[in-house]
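Here are my notes on this one, jotted down as I went through it. Have the structure open while you read and tell me where you'd look further.

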Amino acid sequence: MRRTITINLYKDTLEATKQRDLLINAIKRNVIEEEEQLQHFLQYFCNNIREEYMMSSLCVDYIDLHQDKYSGDISVSFVGYAYLGCRDLDGRYEHEETLEYKIDTKNSSIIIEGDFPEERDPDEI
């Protein structure tokens, strides 16, 4: 299933579109600082039973710019944690995902899209 989220685009990110390295760093900072908005979006990747996205675990590993500089791929990693009430069953789950992004200069936003795993019935886990 494909989902989309729109986050605010910082003014300096918009201004950095003229230089590749500046733009990559600006997008990275923009995404990290908007982690709270992304929390519910990234939660969809946490597909183990009772797994929740852990705030402050988001890391932008790589940003690939397409030729137009207004779209590309973002490789992110983050951690989910499942509390099942027993130390032997509780666990951390590391996730690495590649998401697509588009910079919308008109609305000063970054649109991020990703394909999520289908939801599973707890009996399947």
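1. Start with the charged cluster: Arg2, Glu100, Glu113 and Asp115 are joined in a network of salt bridges. Keep in mind that this is a predicted model, so every distance below is computed from predicted coordinates. The structure has five salt bridges in all.

2. Take the Arg2–Glu100 pair from that network. The closest N and O atoms of Glu100 and Arg2 sit 3.0 Å apart. Glu100 belongs to strand β5 and Arg2 to strand β1, so this salt bridge ties together parts that are 98 residues apart in sequence. Glu100 has 37% relative accessibility and therefore counts as partly exposed; Arg2, with a relative accessible area of 39%, is partly exposed too.

3. Arg2 also has Glu113 as a partner, with the closest N and O atoms 3.3 Å apart. Here the link runs from strand β6, where Glu113 lies, to Arg2 in strand β1, so it ties together parts 111 residues apart in sequence. Glu113 counts as buried because its relative accessibility is 17%, and the cut-off for buried is under 20%.

4. Away from that network, look at Arg29 and Asp12. They form a salt bridge whose closest N and O atoms are 2.3 Å apart. It links distant parts of the chain, with Arg29 in helix α2 and Asp12 in helix α1 (residues 11–15), 17 residues apart. Both ends count as partly exposed: Arg29 at 32% relative accessibility and Asp12 at 33%.

5. Which side chain of opposite charge is nearest to Glu34? That would be Arg29, but at 9.3 Å away, and Glu34 has no salt bridge although it is buried. Glu34 sits in the loop between α2 and α3. Leaving out residues up to four places away in sequence, Glu34 touches Ile7, Asn8 and Tyr10. I'd put this residue on the list of things to discuss.

6. Now for helix α3 (residues 35–43). Its buried residues are Glu35, Leu38, Phe41 and Leu42. Viewed down the axis of α3, they fall within an arc of 110°, so they line one face of the helix. On the face turned away from that buried side, you'll find the exposed residues Glu36 and His40.

7. What do the buried residues of α3 pack against? The list takes in one helix, α2 (20–33), along with the strands β1 (2–8), β2 (51–53), β4 (71–82), β5 (91–104) and β6 (109–115).

8. On to the largest nonpolar core, which has 28 residues. Those touching the most other members are Ile27, Val31, Leu38, Leu42, Tyr101 and Ile112. Two or more residues each come from β1, α2, α3, β3 (59–65), β4, β5 and β6, and α2 gives the most, with five residues. As background, nonpolar side chains tend to be buried together in soluble globular proteins.

9. Last, Ile112, one of those well-connected core members. Not counting residues up to four places away in sequence, Ile112 touches Arg3, Thr4, Ile5, Ile7, Val31, Leu38, Phe41, Leu99, Glu100 and Tyr101. That list includes Glu100, which brings us back to the salt-bridge network with Arg2, Glu113 and Asp115. It also includes Leu38 and Phe41, both among the buried residues of α3.

Technical notes:
Residues numbered from 1 in each chain as written. Predicted model: local features only at pLDDT ≥ 70, side-chain atom pairs only at ≥ 80, totals over all residues. Heavy atoms only, no water. Buried < 20%, exposed > 50% of the residue type's maximum accessible area, 1.4 Å probe, protein only. Helix = DSSP H or I, 4+ residues; strand = E, 2+ residues; numbered from the N terminus. Arc of directions from axis to C-beta. Contact = heavy atoms within 4.5 Å. Core = buried A, V, L, I, M, F, W, Y, C linked by side-chain atoms within 4.5 Å. Lys, Arg positive; Asp, Glu negative; His and termini not counted. Salt bridge = Lys/Arg side-chain N within 4 Å of Asp/Glu carboxyl O.
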